[in-house]
Amino acid sequence: MRTLLALLGVFALVLVAGTMMAGQAPPGLDPKLQGQLKQLFPAAAAFSPKVPDPPHYKAYAASAADGPQSLAGVAFWTTEIEPLERGYDGPIKMLVGMDTKGMLTGVIVVQHHEPYGDFSIETPQFAAQFKGKSVRDAFRVGVDVDAVSRATISITSAARAIRNSARRMATQLLVAPK
């Protein structure tokens with residue numbers, strides 16, 4: 001299984017390198033998504049197309065001259081990893097970035113149907129508080145996630161979606177520290 005994953009990684013790297021040399025975004029990455037990924041990984045030199053299992057994008061760090069690019073982290077949609085998690089009024093679609101050590105590089109709230117956007121997950125402060133959090137953190141509202149009055153269902157659901165999807169991705173994709 002690891003050999004297959006390694007081969008898939010090499011294939012994705014070759015595909016990304018080829019499209020980067022041609023000055024194009026990798027297939028399947030629209031400019032808006034590319035911009036969002038760049039927001040999560042500002043120093044990344046390239047991004048992979050979506051890897052299907054589990055669904056995620058890889059961010060690659062700039063390489064030394066003609067050397068291989070190293071993995072800087074992964075980005076994923078919470079709704080693809082935790083599809084049953086719901087806020088007050090439906091799913092909350094968030095793009096989450098995580099480095100190779102299990103630290104979140106950022107969260108972007110892309111879509112929600114919450115009736116109290118001004119009070120809850122729509123504010124920049126909500127997403128900003130997750131940057132630098134470890135997948136090992138509690139992600140508990142009122143403890144290490146700021147609570148917002150009148151939006152506890154949405155905040156709790158969003159924090160749980162970020163925590164559970166990040167932990168699942170870390171378990172499946174990252175090497176545990178020694």
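Me: In what order do the five strands form the open sheet, and how are they paired?

Reply: One thing up front: this is a predicted model. In it, the open sheet is built in the order β1-β2-β3-β4-β5, with antiparallel pairing. The edges are taken by β1 and β5, and each has a single partner strand, so one side of each has no neighbour in the sheet. On average, neighbouring strands are turned by 20° against each other, ignoring direction.

Me: What does the rest of the chain look like, from the N terminus on?

Reply: You'll find five helices and five strands. Reading from the N terminus, the elements go α-α-β-β-β-α-β-β-α-α. The chain has 178 residues, and 43% of them count as buried. If you like contact maps, take contacts between residues at least 6 apart in sequence: 51% of those join residues at least 24 apart.

Me: Let's zoom in on the strands. How many bridges join β1 to β2, and how many join β2 to β3?

Reply: There are three bridges between β1 and β2, which run antiparallel. Between β2 and β3 there are four, again antiparallel. To find the register, look for residues that face each other across the pair. A44 stands opposite A61 in β2. On the other side of β2, Y60 is opposite L71 in β3, and K58 is opposite V74 in β3.

Me: How many residues of β2 are buried?

Reply: Four of its five, so β2 is largely enclosed by the rest of the structure.

Me: Which residue in β3 would be a good one to click on?

Reply: Try G73, which lies in strand β3. Its relative accessible area is 2%, so G73 is buried. Leaving aside residues up to four places away in sequence, G73 touches F41, Y57, K58, A59, M98, D99 and T100. You can also check a distance along the way: G73 and T105 are 32 residues apart along the chain, and their C-alpha atoms are separated by 8.6 Å.

Me: Now helices. Why do residues three or four places apart point the same way?

Reply: An α-helix has 3.6 residues a turn, so a step of three or four places brings you back to the same direction. Helix α2, residues 31-40, is a nice case: L33, Q36, L37 and L40 are buried there. They cover an arc of only 100° around the axis, which puts them on the same side of α2. The face turned away from that buried side carries the exposed residues P31 and Q39.

Me: Which strands do the buried residues of α2 pack against?

Reply: They pack against β1 (44-47), β2 (57-61), β3, β4 and β5. As for orientation, α2 packs on the sheet with its direction at about 145° to that of β5.

Me: What caps the N-terminal end of α2?

Reply: That's D30. One of its side-chain oxygens lies 3.1 Å from the backbone nitrogen of K32.

Me: And α5: how far does it reach from its first C-alpha to its last?

Reply: Helix α5 takes in residues 152-173, 22 residues in total, and reaches 31 Å. At 1.5 Å a residue you'd expect 32 Å, and the model's value is close to that. Its buried residues include I155, A159, I162, R163, A166 and M169. The buried residues of α5 pack against β3 (71-77), α3 (78-81), β4 (93-99), β5 (104-111) and α4 (124-128). With respect to the sheet, α5 lies across β3, β4 and β5, running at about 40° to β4.

Me: Last one, a lysine in a loop. Does K133 count as buried or exposed?

Reply: Use the accessibility cut-off: buried means under 20% relative accessible area. K133 has 8% relative accessibility, so it counts as buried. You'll find K133 in the loop between α4 and α5.

Me: What joins the side chains of K133 and D144?

Reply: A polar contact of 2.8 Å. Besides D144, K133 touches G102, M103, L104 and F139, not counting residues up to four places away in sequence.

Definitions and conventions:
Residues numbered from 1 in each chain as written. Predicted model: local features only at pLDDT ≥ 70, side-chain atom pairs only at ≥ 80, totals over all residues. Heavy atoms only, no water. Helix = DSSP H or I, 4+ residues; strand = E, 2+ residues; numbered from the N terminus. Expected span 1.5 Å × (residues − 1). Buried < 20%, exposed > 50% of the residue type's maximum accessible area, 1.4 Å probe, protein only. Contact = heavy atoms within 4.5 Å. Arc of directions from axis to C-beta. Polar contact = N/O pair within 3.5 Å; in protein donor to acceptor, adjacent residues only side chain to side chain. Pairing = 2+ DSSP bridges. Axes fitted to C-alpha atoms, helices over the stretch in contact; angles between N-to-C directions.
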